[in-house]
Each structure stands twice: as structure tokens, then as C-alpha cells.
There are 2 protein chains.
Amino acid sequence: MDNFTYQNGTKILFGRGTETEVGVETKKHSSKVLLHTGMGSIKRTGLFDAVVSSLEKAGVAWVELAGAQPNPRLSLVHKGIQMCREQKLDFILAVGGGSVIDSAKAIAAGVPYQGDVWDFFVGKAKVTSALPVGTVLTIPAAGSETSGSTVVTNEDGNYKKGLTSEEFLRPVFSILNPELTKTLPVYETAVGAADIMSHVFERYFTNSQNVDFSDRLCEAVLKGVIRNLPLVLAKPQDYDARAELMWLGTQAHSDLIGMGRVGDWATHDIEHELSGIYDVPHGAGLAVMFPAWMKFNLNHDLDRFCQLAVRVWNLEMDHKNPKKTALEGIAKLQGFWASCGLATSLEKLGIHDNRYAEMAEKATGKGKRKLGNFVKLEQKDVVSIYELASEKGASLGATR
Amino acid sequence: MDNFTYQNGTKILFGRGTETEVGVETKKHSSKVLLHTGMGSIKRTGLFDAVVSSLEKAGVAWVELAGAQPNPRLSLVHKGIQMCREQKLDFILAVGGGSVIDSAKAIAAGVPYQGDVWDFFVGKAKVTSALPVGTVLTIPAAGSETSGSTVVTNEDGNYKKGLTSEEFLRPVFSILNPELTKTLPVYETAVGAADIMSHVFERYFTNSQNVDFSDRLCEAVLKGVIRNLPLVLAKPQDYDARAELMWLGTQAHSDLIGMGRVGDWATHDIEHELSGIYDVPHGAGLAVMFPAWMKFNLNHDLDRFCQLAVRVWNLEMDHKNPKKTALEGIAKLQGFWASCGLATSLEKLGIHDNRYAEMAEKATGKGKRKLGNFVKLEQKDVVSIYELASEKGASLGATR
């Protein structure tokens, strides 16, 4: 196990009706907040009114900034920063999914910073303070509700970049009411679940040795999704399965399951280029790219792929042919995602042109940067992984 | 899943050499601290010198209060409170195992309170503030390093009582260096591991429904102990297995694995009477009492006992005879603990007299209080469980 430091102090209020506590929780931090929202669904469901009512009851004034969209845009972040400065708002309350929360975190980091907030994303500056952020979550997926991470798209060049500050960007509280997710369409639910599983895979595939317990934690999250996602898709009103999925989404990315091990994260980088250019949902892109990444890296640590296949997919180990078992595990994952309505190739995702070389160049900074840790991927490897994710490439099997 | 609130902001510094960071971490909170220690082992190992050197380097003055012993005593807590008040110490640094940390928490709660700190333990008063506590852990067992709980023995009547304040009694930081546990004798290591597993069982046995993911988290901790404890006993210098055990001990009691479910905790109450009177190690007492508790309550939810047997002990389910599978699971647990050198009956623990009725009366407050939640135990049930834990009783099997 590697040395690590872990601190995640986000206060979680979980369960039925918890959104009514948002006013009291917010008031502990601020009396005038930026209420950051998304594309309007919370107004149709009544959540917006419930939040506003709770805030007003607690004596918290609010100014709304709506419009955060999937793959949240830098221009809206800039607007939020300006609003906070001009109107002296000292807290961001994000009500929505991961995109709204990510956008809120970027605003929070940008307000006290003199330069352009994008500096943080390109590594020109480091976050040393931020406004506090609270959240009311509506989509289990990104895990942004307790993480210190945010991902924003700079429209000027379609650059999608991540930023992490565990000290300053973890929300101070997050309210998770599974009832709020009952209206989430099944496709979006499945896309979110693919994101959740991918957050686990990014940690599961590690070269760190003696990580027995964290392997088990990762497997617990995966088994949870595998059991509960089909229940939700079959019966979207199933509170219990919705609740499991919501809590799984948080724990997949709270960092606990990854302590003591180095994660990979290449697939997130590879997918970011996809959703940056084609604006596909992040989770849908991951569901296409992860099996391709797995096939490409299969031989790097066959034991680990077999462990996943046996423990998570309940496959019987073929001791004479471990590669067969490992590949069966990947096939199980693809079959599971397909059965949940997710695309299994770039083409099925609606991507028919071949910009693989361009995306690989962008992801690797013109080849200057290798991606991932489990295996350090060069620019040409990334091209191969995009190819493996295409229908033609998939038929070729593992190539490394 | 039940509604819940969760917040655990303890900063964990985990790994080799982390005790050298104690000065810098402490200095963030205080410049003059009560350095609370145990029975002297840290002086023999050199840890005391390392901690003092780190504190002094960071400019932190310290006053030592040594002598916290297993089943920490109220009289020492009183002394610590007095020292903090008289010498204006505003932080407690606990260096040792769970008993030192529990003692430190009681001191921390007592300092700002006008009355007797014992009031908190008997429910006469509620903790509304406490000094901050930091810890350097030397024994993986109690999980006190991130919990909001403390257990103290009042020598006046041998009352052992617990107190929980998640808001005020969680340590602000805990330093976990597995190297520090390499000198821990194998018996104490096994006793600690029984405590860790018991913390999981207390949460595992619940009537809360639809707790799929938290079941898996509980099982992950149990599997981790089952794999790593024998490795440590065979090779006490095995850093990797020591590291797993240390992190398992923390997570067994950080509360995360129990979120959304009501725990039981009767066995802890039942054991507290044992170690209160006979001064046996808490974990050793639990290893005797838990199988007895399990047998007594087997029929309350046979499915849950079977799930434990199948998933954790890898037993094959006997679908025609689930009770057989459930009992085999309990036998596996007893066999595991016995193979690790733990006593399997009250007699083997050195308890030959029969004070079962007296202990049951004390544990239930003369029968006024029922113990536990999974099954609400009356005074006579508690007597039966003590009997089941004796050699004669064990031969009788389940009685409920």
C-alpha cells in the first residue's frame, strides 16, 4: 500500500425529504448565495421551488445563474465569477447534476483569484482559496458532490480539462435525496452508472501492490451498480435501487476506495476529447472507451483482469487459459452496458468520421504527455484505443 | 436504506514515517498540548521520542499524562481535565491505542464542561463542545482514530460506558504508520482484529432493508481481516499485511460502512460487563460473546446469516437446509478466531465463576433497558447468551 493523506469532510444529508434542509445548512456558511442551476429540469419537477422556499425560510438571499449544461462551459463560469464579485455573493449553491456542481466549483475557485480561472485548468496557477460550495444532487454519476475535482470545457478550441483541489474544492455539504432522481430518464441513468463504474475502473487498474482491501471496496461498488442499475431501468420509481445507485455514485468518487494506490485516468483523458468535440455524454463515451482501453492493456497485468472477471462477474477462472477469463470479463462488462441501452462502439455513439489522430494529438499535447499510470500510453497507443473502440477495431481484439 | 447524515472530516496521514508530521499537524491547532500516552511501550519503541522531537521542532509545547490503560479509567480522565484547565492546554494529542484515544476524547469533552464528565456517559448531559484531539495510532482495533465514540470505565462500581458525539469527538487528525504496529505482540494483534470484525458485525446484523451496498462494504472489511490477520500472525514484520489491518480497523468504525442502516451493538454492551468486571481485553471478550449472540439470534433472520456464510466464508449454500449453512458460518468464525489464538469460551478466557445474572442485570439497568436493535434482548436473554458463551452452554447450540 502506498502512503496517502485522506480527508473528506463533506457533510452528507441522505434520504427522503432532505432537500428541505438546504436553507439551514446554507445559512451556516452564508446569507447571500449564487444559486447555480442547469437546463431547467429542476423547475419542472418542483425542486427549484422547494430549494428557494427552504433558503428564504432560513433567511438566505439568492441570485440565480441558470444554464450549466453537460460538459459545462468556461464562458458560464466566467459569468458566475463576475456575478459573485459584483453582487458580493460568498457561497455557491449548486442544484443539479455533476455538470452544475463542476461549474459551481470552477466559479468558487475563480472568484478570489486575480487571473483567469482557466489558469488553474492548464496548470498555470494553483488553487489556494475558494468560496464554499454546497450541493443538492439530482443525478448520480459524476461523484462531484464530495470530490475535490471539476471538469470544464473551454469552448475556444473545445478543450475539456480537469482540476483537482482536495483542500478547497470539496463541497461543504451535499444533499442526496434519491426521490429527486426518480424522474431521471433511463438512458441518462445508465449513462451516469457507466460514469460511476468508470470511476472505479480508473482506480482498480493500478500497479500499486498489496491493495487487498481497496480492491474489495472497488468490487463492492461495481457489484452494487451491477445489481441495482437493472432494477432502476426496469422500474424507474424503485426508491431503494435509486438510493443504492445514488450512494454508489458518491462513494465511487469520494476517493476512499482509491486510497493507498495510484489510479490510471487515461480513459477519462481519452474520453474528454470525444465529448469535447462531439458533445456526447461523458458516461456514454466512457462506456465505449473503457472496454477498448481494457483490451489494449490486457497483458500488462492479466491477473488483475482475471480477478475482476472472477470476483465481480462471477466467472469461473480458467487456470489453463487466464487470458480467456480476462476477455470474458470484458465481454461481460460490454454485455452489461449494452443491456442497459448504452452504445458499444464509436459508430453506435454517432461518431462516423475518423479524427482519432487529431484527438490523440490533443490528448497527449502533441505527443509530449503520456496518458495514464497503469500503462503509460503514447500518442500512437491512444490512436489504437480509438480504433479498438470502433466497430472495425473491435473485431480485431486485443492488440498489445 | 434509511435516511442518514454522515460527516467524517478526520484527516488521515497513512504510511511509513508519517509520525514525523505530527508536529506540523498539531501546530495548526495549538501551541501547548496535553500529550496523552499509555503504559509505556511507546517509550521503549522510540515513538515517544520521535513525537516529542516533531512537536518541539514545530514549536509545540507539551505536558505529558501517561498511564491510560486498556479499559481506560475515569480517574485518569479527571486528572487530565484538571491538568488542561490548570495549565491552559487546548489540544489533546493521544499517542497509543484505542484506550489512550478514548481517554483523550473523554478529557477533551470534560475540559469545557462545568459538571462531572461522567454525566455525558450516563446521559445526564450532552456534549456541546470539546477540545480538539489528534492521534498517533499504535494498535489497529478500536477504530477510535476517526470515530466520534469513547468508552470509559468508572472504577466506582466497575461501570464501563460509551459516549458518542460525531460532531465534537472525532479526532481532527490521525496518523497511521503501520510500521509502528510491527512490535505489537501477536495475541494483542488478534484481539484487535476481533474488535475490528465485531465492529462490522454490529452493523451487519440489521433489520434495515435494501442495504445492498453497505452489506458489501461490511463484507469487504471482514474478508480483508480474514486474509491479512493470519499473514501478520505468521510474520509480524509483514508491512503490507500490517498496513491492511490498520486501515481495516479504521474503516470498520469510521461509520461509512454502517450508513443507511441501524446497527445492533448489544454484544458490545454484553462484553462491556465482562471487561468491566474481569478486565479481559475488549476484543477477546467480543470473540467469545459474538458467536454466542449469533447462535441465540440465528432464527431472527436466517437469510442474513446465510449471506454472511456464503459471501464471507465462501461456503456453499445448502438450499434445503439454510440453518445448517448459517451455523457453519458461525463455526467458521469461531474456528478462525481459535486459529488466531483467541479464546472460544468464557472459561478459556479465565472466567470460571458464574456472575451471568449480575452482569445481565447491570447491562440492562435492572431489566429496564433492552439491548440491541436486530433483536431487542431482555435481561433473561442476556443471561442465556452468557450461558451460550460458556463451555457447557456452547454444547447446547442455538436456543432461540
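Q: How do you know that chain B superposes on chain A in this predicted model?
A: In this predicted model, a rotation of 180° with 0.0 Å of shift along its axis lays chain B on chain A, and the RMSD is 0.0 Å. That is why the relation is the one of a two-fold axis.

Q: What makes us say that one surface serves both copies?
A: Look at the contact residues: 100% of those of chain B recur in chain A, so the same surface is used by both copies.

Q: Which residue of chain B comes closest to the rotation axis?
A: B:Gly9 does, with its C-alpha at 1.9 Å from the axis.

Q: How do you know that chain B is in contact with chain A?
A: Contact here calls for C-beta atoms within 7 Å, and 31 residues of chain B are in contact with 31 residues of chain A. Strand 1 (4-14), helix 8 (212-234) and helix 9 (239-252) of chain B each supply at least two residues of that side. By class, the side of chain B that touches chain A holds twelve nonpolar, ten polar and nine charged residues.

Q: Why are strand 1 of chain A and strand 1 of chain B called paired?
A: Pairing needs at least two bridges, and these two strands have seven, in the antiparallel sense, so they count as a pair. Within this pairing, A:Ile12 stands opposite B:Tyr6.

Now let's turn to chain A by itself.

Q: Why is chain A called as compact as a globular protein of its length?
A: Its radius of gyration is 21 Å, and the globule rule gives 21 Å for 400 residues; the two values are close, so the description fits. The C-alpha atoms of chain A fill a box of roughly 70 × 45 × 45 Å along the principal axes.

Q: What makes a residue of chain A count as buried, and what percentage of its residues are buried?
A: A residue is buried if 20 or more other C-beta atoms lie within 10 Å of its own. In chain A, 58% of the 400 residues are buried.

Q: What secondary structure does chain A have?
A: Chain A has 16 helices and eight strands.

Q: What are the domains of chain A, and how do you know that they touch?
A: The domain assignment gives domain 1 (11-181) and domain 2 (186-394). Their contact takes 19 residues from domain 1 of chain A and 24 residues from domain 2 of chain A. The side of domain 1 that touches domain 2 has nine nonpolar, seven polar and three charged residues. The C-alpha centres of the two domains lie 27 Å apart.

Terms used. Residues are numbered from 1 along each chain as its sequence is written. Chains are lettered from A and ligands numbered from 1 in the order in which they are written. This is a predicted model: local features need pLDDT of at least 70, side-chain atom pairs count only at pLDDT 80 or more; totals for chains, interfaces and linings use all residues. Two residues are in contact if their C-beta atoms, placed from the backbone, lie within 7 Å. Helices (H or I, at least four residues) and strands (E, at least two) are DSSP runs, numbered from the N terminus. Ala, Val, Leu, Ile, Met, Phe, Trp, Tyr, Cys and Pro count as nonpolar, Asp, Glu, Lys and Arg as charged, and the others, Gly among them, as polar. Copies are superposed by least squares on the C-alpha atoms of residues with pLDDT of at least 70 in both. The radius of gyration is taken over C-alpha atoms; the globule rule is 2.2 Å times the number of residues to the power 0.38. A residue is buried if 20 or more other C-beta atoms lie within 10 Å of its own, exposed if 12 or fewer, and partly exposed in between; C-beta atoms are placed from the backbone. Domain bounds come from an automatic or database domain assignment.
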